[in-house]
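Let's take a walk through this one together. Keep the viewer open and turn the model as we go.

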Amino acid sequence: MKIENILPQDIEKKSFEIIESELPHPLDAKLAPIIKRVIHTTADFDYVDSLYFSENILDIAFDALRSGATIVTDTNMARSGINKKALEKLGCKVECYMSDDDVAKQAKAGGTTRATASVDKAGRLEGPVIFACGNAPTALVRIVELMEEGKIAPAFVVGVPVGFVNVVPAKEMIIESGVPCIVARGRKGGSNVAAAIINALMYMITVRE
């Protein structure tokens, strides 16, 4: 197999050309940048059909990001993967509370996960809040619980935890809750997918503007 000599700045462009050529069917033009970036991140074309987008999610997501939202992730990996220059352009910030001492203490005291305690902490934030969850289904469950209690109203949720235990039902809970969301149905997902979705949304704004 021949190895192509491609300059670093051309690799991404070439990757997206390959993705376009191998798509199993045409994509919704408005959603295509998100789906393609997730495929670019994972090399997995299953996301063509497994990504769920709630009604008017792009308008809702763009409004939140333009309003300087705080993005809360459930892993430091997702936090690290979100583009800081794009965040700065939009006046947004990203937080991950999973390693915070107070979160660890609350989780231990309450017999819950750190992801659950992290959502509780995020509930005290002011301004629009976006949850980007790529690891912990318990974070999604807690988001729904706090919404039902009237304690939080997320701008939108990216629900893409990966795994086998409670992952699928937690994702379906988010969809059924009615919160604006982008969800990777099924077992697949991950912190890289959560970051890719947030990045795609930010790039769609910053490139246009």
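At what angle do the axes of helix α1 (residues 8-22) and α2 cross? Bear in mind that this is a predicted model. The two axes come within 10 Å of each other and cross at roughly 110°. That makes α1 and α2 roughly perpendicular, because angles of 65 to 115 degrees fall in that class. If you want to see the contact itself, look at E12, S15, F16, I19 and E20 on the α1 side, which meet K36, R37, I39 and H40 on the α2 side. An α-helix has 3.6 residues a turn, so residues three or four places apart point the same way.

Stay with α2 for a moment. Its buried residues are A32, I34, I35, K36, R37, V38 and I39. Among these buried residues, K36, R37 and I39 also turn up in the contact with α1.

Now step off the end of the helix. Just after α2, A43 takes a positive phi of about 60°, and A43 is a residue other than glycine. The place to look is the loop between α2 and α3. A43 is exposed there, with a relative accessible area of 64%. There is another positive phi to check at N166, where the value is near 65°, again in a residue other than glycine. N166 sits in the loop between β5 (156-159) and α10 (167-177).

Back to the loop after α2, which brings us to charge pairs. Side chains of opposite charge can pair when their charged atoms come close. How many salt bridges does a search of the whole structure find? The count is ten. One of the pairs joins D44 and K188, with N to O at 2.8 Å. D44 is in the loop between α2 (32-42) and α3 (47-50), while K188 is in the loop between β6 (181-184) and α11 (191-208), so this pair ties together parts that are 144 residues apart in sequence. The two partners differ in how much surface they show: D44 is buried at 17% relative accessible area, whereas K188 counts as partly exposed at 35%.

K188 has another partner, too. D46 forms a salt bridge with K188, and here the closest N and O atoms are 2.5 Å apart. This pair also links distant parts of the chain, 142 residues apart, with D46 in the loop between α2 and α3 and K188 in the loop between β6 and α11. D46 is partly exposed, with a relative accessible area of 45%. Put the pairs together and you have a network of salt bridges linking D44, D46 and K188.

For a salt bridge between helices, go to R142 and D120, where the closest N and O atoms are 2.7 Å apart. R142 belongs to helix α9 (residues 137-148) and D120 to helix α8 (residues 114-122), so the pair ties together parts that are 22 residues apart in sequence. Both R142 and D120 are buried.

Next, the nonpolar interior. Which residues touch the most other members of the largest nonpolar core? They are F156, I197 and L201, in a core of 47 residues. Helix α11 supplies the largest share of this core, eleven residues. Select F156 and look around: leaving out residues up to four places away in sequence, F156 touches I57, A61, A64, V129, I130, F131, P180, I198 and L201. There is also a second, separate core of 27 residues, which includes C96, F131, A136 and V183.

C96 is a handy lead into the cysteines. A disulfide is a covalent bond between the sulfur atoms of two cysteines. How many disulfides does a search of the whole structure find? The answer is zero. C92 is in no disulfide, and the nearest cysteine sulfur, that of C133, is 17 Å away. Why does C96 stay unbonded? The closest cysteine sulfur, also in C133, is 10.0 Å from the sulfur of C96, which is too far for a bond. As for their surroundings, C92 counts as buried at 10% relative accessibility, and C96 counts as buried at 9%.

How values were computed:
Residues are numbered from 1 along each chain as its sequence is written. This is a predicted model: local features need pLDDT of at least 70, side-chain atom pairs count only at pLDDT 80 or more; totals for chains, interfaces and linings use all residues. Side-chain values use heavy atoms; hydrogens and water are left out. A salt bridge is a side-chain nitrogen of Lys or Arg within 4 Å of a carboxyl oxygen of Asp or Glu. Helices (H or I, at least four residues) and strands (E, at least two) are DSSP runs, numbered from the N terminus. Buried means under 20% relative accessible area, exposed over 50%, partly exposed in between (1.4 Å probe, protein chains only). A nonpolar core is a set of buried Ala, Val, Leu, Ile, Met, Phe, Trp, Tyr and Cys residues joined through side-chain atoms within 4.5 Å. Contact means heavy atoms within 4.5 Å. A disulfide is a pair of cysteine sulfur atoms within 2.5 Å. Axes are lines fitted to C-alpha atoms, for helices over the stretch in contact, and angles run from 0 to 180 degrees between N-to-C directions. Angles under 35 degrees count as roughly parallel, over 145 as roughly antiparallel, 65 to 115 as roughly perpendicular and the rest as oblique.
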